[in-house]
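Please work through the exercises below with the sequence and the structure open beside you. Try each task on your own before you read its solution.

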2 protein chains.
Amino acid sequence: MAKINIGIIGLGTVGTGVVKLLAPDPQFKVKWVAVRDTTKERDVDLSNIRVTNNPFDMVNDPEVEIVVEVAGGTDPFYELTKHAIEQGKHIVTANKELISKHGTEIFELAKKHNVTVMFEAAVGGGIPLISTLQRGLQANTFSSIAGILNGTTNFILTQMEEKGQSFQDALADAQALGYAEADPTNDVKGFDVAYKINILSSLAFGRFVDPLAVYRQGITGITDTDIKTAKEFGFRIKMIGLARRNGNQLDIRAHPMLVPLHHLLASVEGANNAIFISGSAVGDVMLVGQGAGQMPTASAVVGDIINIASALKLPDFAPYFQPAVASQNLQLGSIEDSEAAFYIRLETQDTPGVIGNLGHALGAHSVSLHSLVQRGIKEDGSATIIFLTHKASERSVSRALKEIEAQATTRQIGIALRVFE
Amino acid sequence: MAKINIGIIGLGTVGTGVVKLLAPDPQFKVKWVAVRDTTKERDVDLSNIRVTNNPFDMVNDPEVEIVVEVAGGTDPFYELTKHAIEQGKHIVTANKELISKHGTEIFELAKKHNVTVMFEAAVGGGIPLISTLQRGLQANTFSSIAGILNGTTNFILTQMEEKGQSFQDALADAQALGYAEADPTNDVKGFDVAYKINILSSLAFGRFVDPLAVYRQGITGITDTDIKTAKEFGFRIKMIGLARRNGNQLDIRAHPMLVPLHHLLASVEGANNAIFISGSAVGDVMLVGQGAGQMPTASAVVGDIINIASALKLPDFAPYFQPAVASQNLQLGSIEDSEAAFYIRLETQDTPGVIGNLGHALGAHSVSLHSLVQRGIKEDGSATIIFLTHKASERSVSRALKEIEAQATTRQIGIALRVFE
């Protein structure tokens, strides 16, 4: 049997895992790896593999049939991926930023050149989210997709709950354990989730949006008081990627939410990922597993490679794997048009009338109160007031909050979080 | 576009759902339905569909390309399915009994005639379990599959826990709500789970066994005392289908187990189903959703139909969907050879020495005790003793139980349940 030649770009954790998983499979030969530093010691046997620091070398090799991209970032991978497709290579990528930003263009180019671009590893590590949305649930139209798509933030929030840690301490622990990077911005500010939910949304609803236009809120402002108070109210705080379709508008967000304790998503702990899919026929389906890590992510990459290998044995198989993600006349809606119940934490003066002022401001914008607690008055005479609203439009809530912020009795608005439903 | 002609056998809840889901899809025409009673009123428009009480009519129609079987039982569907395959029809079936008992033969026949047999609906309703095992996780070898595969028993056990109901009362509620059949044997005695876990095992390990040889224990002997005591010990009782490979032996069972409260499977409530897959690369993945019901099951059936429709557009696509389930030299092991920790409930005389006798019998067979509680002494002088053992072989535990049963102080052994790990 002629082996299928593979070129791998990137030999970090995931790339090393891919080389290890492919090694015993007689179908495949890893012919090339492209790395930044060709002199670095690697934790894998490269004796029969050509090592280059110029990925274009492998892309221009006519024997290479599948290019695997497990590096990250869009530069130079955007140009490189397009060039590889133009050379007739099939692509397997874990690059969420690339697919989220340039998916439409890349898939169209692949269609034109009759090749396949697969990206199971770009979202949810080894959990087969992409294949489930693309092929497991075709009989459904989707109403919403909600996911815990970032293991780092889920780990941090779980630690804050279980150990009563502050955000900073939990982040430091996550960094020490290798769950968070030295610069955690991508994770804790929600960029990673925005990329991923945009990819899932494109599969569910047939249209990518600009991921940088997706509404984001990070988890940096969440305190242990928020975690405790949310639990008293019957919720657990989770970083959520959410995509819904309203008419021809897509409502896509990446922000922490209060998830009811009885909801399946609330039980997803530690570095796990989960996706909760609501389909017209199937109802609610949830998939849970490790969303990152060497072998789980390599499992997704190699699964894609095996699917393409099946494709290569048959004529005209590529269309089966080509996602239809530019078919819908849809646009990203404004967060202002959406509705949610809100959890709000305020720092106020402990003077009479504070709660009256608050109620007045909310009432003036038709936001009604669900629950309210006032916590420990401090030495400086300030108090923390936390309340939960009934469902209201983002527009009304943000106007009410502006008014509350301007009141003399308000020191500052600590945080505003949405409730999941 | 020429429509693909479909024949449906069975027009109960699921068949009706399939007709409804297919109606708006321009790819398909439901040409035939086969039903037992052609005069019965149906909850769906059949005006352009031929209705027959002889399913061979549709199977012999050369225009029919896909035969959908959503009736149940093996008679006459075993002969009918083979005949349809020999006529070159693709098969989509929800019939777990048929696939579990005759899968190997049916898949081989399908290979010979270059057609596809799909059965996503046979296990887990609309949850894409089959496609996940077949195509989403190909890069893995599997170490174990554990599932809550029967919504009826999960509903009953959830009711017993939440409402403190007896088994009989919870069963009556399940029957009133349509979750359990008038004759609940298939569900509560574990036959349904045995069929389903055998199908999942065949996909994970490449070999069907005789489902009637799979070890079964039903849930009929579980009392509210067991549910409460298990919870005190830190567990929830769930009906579990379990499949593991040990060398060339398959360890497959269908029985209730004590699942640790922190395990994801413990959080699956009501009529939901879930499957927990442990793969060599991906680690643990869990899928959860509605395991039965009209539209979820129809979602799985129609998903399979859409996959076959893709196949029909391409030459030689059928092999891609043909499961490889006869490839492994494996046989069903004996339950005696397996190991578990046990939960045991005894009815005893409340006389001194009872616990000493118990400890003696366990010790004689090297079964060591983890926890023990004694519950309310009754008027007749009997007492309930419940204990949890450390992990031990089935053989040792059953010998110890035989010895305990023979002791004068023992009235009866109430139940023995295995602990999930």
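## Exercises with worked solutions

The model is predicted, and local features need pLDDT of at least 70, side-chain atom pairs count only at pLDDT 80 or more, while totals for chains, interfaces and linings use all residues. Residues are numbered from 1 along each chain as its sequence is written, and chains are lettered from A and ligands numbered from 1 in the order in which they are written.

**Exercise 1. Find the order of the strands in the open sheet of chain A, and say which strands stand at the edges.**

Step 1: Begin with the terms, since helices (H or I, at least four residues) and strands (E, at least two) are DSSP runs numbered from the N terminus, and two strands pair if DSSP finds at least two bridges between them.

Step 2: Following the pairs across chain A gives an open sheet of 6 strands in the order β3-β2-β1-β4-β5-β6, with parallel pairing.

Step 3: In chain A, β3 (50-52) and β6 (117-118) each have a single partner strand, so one side of each has no neighbour in the sheet, and these two stand at the edges.

Step 4: As a check at one edge, strand β5 (residues 90-93) of chain A runs parallel to β6(A) and is joined to it by 2 bridges, where A:I91 has A:V117 as its bridge partner.

**Exercise 2. Describe the surroundings of strand β4 (residues 64-69) of chain B, and follow the chain from there to β5(B).**

Step 1: Strand β4 of chain B is mostly covered, with 6 of its 6 residues buried; a residue is buried if 20 or more other C-beta atoms (placed from the backbone) lie within 10 Å of its own, exposed if 12 or fewer, and partly exposed in between.

Step 2: Strand β1 (residues 4-9) of chain B runs parallel to β4(B) and is joined to it by 5 bridges, and in this pair B:I9 stands opposite B:E69.

Step 3: β4(B) also pairs in the parallel sense with strand β5 (residues 90-93) of chain B, over 4 bridges, and here B:E69 stands opposite B:T93.

Step 4: From β4(B) the chain passes through helix α3 (residues 77-86) of chain B to β5(B), in a β-α-β crossover that is right-handed, meaning that, with the strands pointing away from the viewer, the path from the first strand over the helix to the second runs clockwise.

Step 5: The loop between β4 and α3 of chain B holds B:D75, which counts as exposed because it has 9 C-beta neighbours inside 10 Å.

**Exercise 3. How are the two copies related, and through which surface do they meet?**

Step 1: A turn of 180° and a shift of 0.0 Å along the axis lay chain B on chain A with an RMSD of 0.0 Å, where the copies are superposed by least squares on the C-alpha atoms of residues with pLDDT of at least 70 in both.

Step 2: The two copies are therefore related as by a two-fold rotation axis, and the C-alpha of chain B nearest that axis is that of B:L287, 2.2 Å from it.

Step 3: Taking two residues as in contact if their C-beta atoms, placed from the backbone, lie within 7 Å, 39 residues of chain B are in contact with 39 residues of chain A.

Step 4: On the side of chain B that touches chain A, α5 (129-136), β12 (283-290) and α11 (294-312) each supply at least two residues, and α11(B) gives the most, with 9 residues.

Step 5: Of the interface residues of chain B, 100% are also interface residues in chain A, so the copies meet through the same surface.

Step 6: Strand β12 (residues 283-290) of chain A pairs with β12(B) in the antiparallel sense over 5 bridges, and A:V285 has B:G289 as its bridge partner.

**Exercise 4. Where does A:S366 lie, and what is the sign of its phi?**

Step 1: A:S366 lies in the loop between α13 (354-364) and β16 (369-375) of chain A, and A:S366 is partly exposed, with 13 other C-beta atoms within 10 Å.

Step 2: The phi of A:S366 is near 60°, a positive value in a residue other than glycine.

Step 3: For comparison, most residues other than glycine have a negative phi.
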